[in-house]
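Please open the structure in your viewer and keep the selection panel at hand. We will go from one stop to the next, with something to select at each.

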Amino acid sequence: MKTNKLLVGLLTSVTLVAGAAQAAELSIVSGDTGTGLAFLQSELEIFTEETGHTVTIVPMPSSTSDQFGQYRLWLAAGNADIDVYTTDVIWAPQLADQFIDLTEAAADVVGEHFPSIIESQTVDGKLVAIPGYTDAPALFYRTDLLEKYGKEVPKTWPELHATAQEIMDAERAEGATDLWGYVFQGNAYEGLTCNALEWVNSYGGGQIIEADGTISINNPQAVAALEEAASWIGTISPEGNLAYMEEESRGVWQLGNAVFMRNWPYAYALSNGDDSAVKGKFDVAPLPAGVGEGAKPSGTLGGWNFAVSRYSTEQEAATELALFLGSAESQKRRAIQQNNLPSIQALYQDADVLEAAPFMATWEEIFQSAVPRPSAPAQSNYNEASSLFWSAVHDTLSGNGSAAENLELLEVDLEDLLN
Amino acid sequence: MTTEALRSPAIAQRRGRSELMQQRARAARWFLLPMMIALAVVAGWPLARSIYFSFTDVKLNNLYGAEWVGFANYLQIRTLESGRTIYRGVLADPDWWNAVWNTVRFAFWSVVWETIFGMIVALVLNAEFRGRGIVRAAILIPWAIPTIVSAKMWSWMLNDQFGILNDLGVRLGLLGAPVAWTASPDTAMMAVLVVDIWKTTPFMALLILAGLQMIPKDIYEAADIDGVHPIKQFFRITLPLVRPALMVAIIFRVLDALRIFDLIYVLTPNSAATKTMSVLAQENLFQFDNFAEGSTQSTLLFLLIALFTIVYIWLGKVNFDGGAR
């Protein structure tokens, strides 16, 4: 190991004219969805070429809850093996103490990013992580099927229900027995919190816990939103949807077995792959709005960031890596190859990006309606609060208590937790 | 005089034997020492620390700044200003009792079925037939696959849209429509049980087979000559004689089943219908900011398993030396 390190160091100092600092061996952890890791690997090769530092990827499961548990354990134990963590947008308040402050290192580049995203990664004036890409969900729809039945892209959830039901029934009568109307992320996990927050918010039902800490979830609009969602299960969505995460819903969609899907932009490039049954037959739109007072389209703000561990022995090189992965050049490649949404505003006007992913132009609109999950007001209790929320929603969807009953209980549980 | 003369050799003999025994015991202690140290470091210390944490208000981000809170994590009785009394703590938490009930239910049914199937498999493997060695090896495959791999494999097989089980069921006309085995609360526990039984039956079969092979063949020959019916032979000869091995096998399995984690974590991680004590403790320890509560649950889990083991050994008169008392 030591000699290896030395050798790499020697080689780089010889080859690189601009006196490279001692090459470091870094490790980065990252979850995987679709082809995310393969892309990260190719980025790291460029990084190694530029700086001489070598980087090993430690792959993690795709479920964000699984990753969080493991990272938390490593960080609590002061693990020095991992230098850079790929962090979910909601983790910053919970893990802020364990990452170094990047304010100074990123001083020149923070202005390029969306201010709301930088804000989400800033805890008590400390920049916890550099945004790598952002995420906001979209409604994927089958252009061929909508055209065949002369339907518009639905603007509200009840419209979506009606359109999906009609197409599904007609197609099934014609022999496509595996076709479903709508698939989303319904498993009891963080993804359901994202989905359900969108329903509630789009019906004008607030954002579970408001920025000032008020628990707002128990209201008639939220009840209406969950009742609408519960009516999908078994009609336009398979019952198994209650166990789907991103990849399972993409599986159903990509086999051509769904009219609509709610998913993150990563599914766009994959659905257009050569092995996809829906290649060239779909498009994306903002998610539908609710109905009633205060109804508007809504999307949960997601996204991944790069943070440097406080326990890393190579903090300088690790900071370089985090900055590299969040840089405009890297984000541009990511947008073109992975269709991940850049957190850098200027890239939405970039000709190359728009050519590779024309749908990104519409995302500025989606971003305007994006809603953050209540990780800031809930702070270290966010995960438990989110789990209470998704359990209440999952119970409602599986017919275990009515929406009104479950939300009333949820309110009490959240009060117990946060007060 | 005479009595003394008679007694002294006996005493000397006895004393000599005990000296030898003492010497052997001393040597044994030295031989045990490395093992004891290893156990204390890898099992004793973490256990003690976990129990200690359960009496504090520790947080995962601050493991060394914990303060002693007594039994508050277990149970605290608070009287509100209105005069109403409320109970807080793990022992008053319905989620905990739900997890206990799930765990007990899981352990009971999985062990019952594994014992029945294990016995059948062992009886078949105990018979003489060609290729017995290969079959014996093949049957161990489910047990040899790491749980996380087999759980993931089964979760795809049980998937409602592209799972092979639903496909087969629908093609054969057994199912009207694909069933979401792991998603629906009614079938989630059954799905987990099926996978666990599939996985651990070979282990049970192997332990029972070892017991079966210790039964002398001549007993059966004698029974045959006396014209005892094979079914009567099973209940009168096989079952009583295999009982010691069976009891040990069952306790291994029950201890394993009571701390079930991996299978459920992969198949149905957040379903209230299958959440067991270990899954709940892990969630509180690492997902939520409740390290102390998670430690309390781990401690209770430990106590429950310990209690069960003591009662089982006592009631079942299990003898770990290999024979019934």
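What percentage of the 325 residues in chain B is buried? The answer is 30%. Keep in mind throughout that this is a predicted model.

**Stop 1: chain B as a whole**

Select chain B and show it as a cartoon. You should find 12 helices and 2 strands, arranged along the sequence as α-β-β-α-α-α-α-α-α-α-α-α-α-α. Its radius of gyration is 27 Å, well over the 20 Å that the globule rule gives for 325 residues, so chain B is more spread out than a compact globule. Turn the C-alpha trace of chain B along its principal axes, and the spans come to about 85 × 60 × 40 Å. If you draw the contacts within chain B between residues at least 6 apart in sequence, 65% of them join residues at least 24 apart.

**Stop 2: where chain A meets chain B**

Now bring chain A back into view. Here 24 residues of chain A are in contact with 18 residues of chain B. On the chain A side, α3, α10 (246-254) and α17 (382-397) each supply at least two residues. Which of these helices should you colour first? Try α3(A), which gives the most to the side touching chain B, with 6 residues.

**Stop 3: the two domains of chain A**

Hide chain B and colour chain A by domain: domain 1 covers 2-135 + 301-370, and domain 2 covers 138-300 + 373-418. Their C-alpha centres lie 29 Å apart. The contact between them takes 23 residues from domain 1 and 27 residues from domain 2. On the domain 1 side, α3 (64-76), α4 (92-95) and α15 of chain A each supply at least two residues. Keep α3(A) highlighted, since you have met this helix already: the largest share of that side, 3 residues, comes from α3(A).

**Stop 4: an open sheet in chain A**

Next, select β2, β1, β3, β12 and β6 of chain A. These 5 strands form an open sheet in the order β2-β1-β3-β12-β6, with mixed pairing. Which strands stand at the edges? They are β2 (54-60) and β6 of chain A; each has a single partner strand, so one side of each is left without a neighbour in the sheet. On average, neighbouring strands of this sheet are turned by 20 degrees against each other, direction ignored.

Zoom in on the β6 edge. There β6(A) pairs with β12(A) (residues 302-308) in the antiparallel sense, over 5 bridges. Show side chains for Ile130(A) and Phe306(A): Ile130(A) stands opposite Phe306(A), which belongs to β12(A). Then move to the other edge and add α2(A), which lies across β1 (25-31) and β2 of chain A and runs at about 165 degrees to β2(A).

**Stop 5: helix α13 of chain A**

Finally, select residues 328-338 of chain A, which make up helix α13. Which of its residues are buried? They are Ser330(A), Gln331(A), Arg334(A), Ala335(A) and Gln338(A). Look down the axis of α13(A): the buried residues fall within an arc of 140 degrees, so they line one face of the helix. An α-helix has 3.6 residues a turn, so residues three or four places apart point the same way.

To see what covers the buried residues of α13(A), add elements of chain A including α2 (36-51), β6 (130-135), α11 (266-271), α12 (315-326), α14 (351-356) and α15 (360-368). Both α2(A) and β6(A) will be familiar from the sheet stop. As a last click, pick Asn339(A), which follows α13(A) and has a positive phi, near 60 degrees.

Terms used
Residues numbered from 1 in each chain as written. Chains lettered and ligands numbered in written order. Predicted model: local features only at pLDDT ≥ 70, side-chain atom pairs only at ≥ 80, totals over all residues. Helix = DSSP H or I, 4+ residues; strand = E, 2+ residues; numbered from the N terminus. Rg over C-alpha atoms; globule rule 2.2 N^0.38 Å. Buried ≥ 20, exposed ≤ 12 C-beta atoms within 10 Å, placed from the backbone. Contact = placed C-beta atoms within 7 Å. Arc of directions from axis to C-beta. Pairing = 2+ DSSP bridges. Axes fitted to C-alpha atoms, helices over the stretch in contact; angles between N-to-C directions. Domains from an automatic or database assignment.
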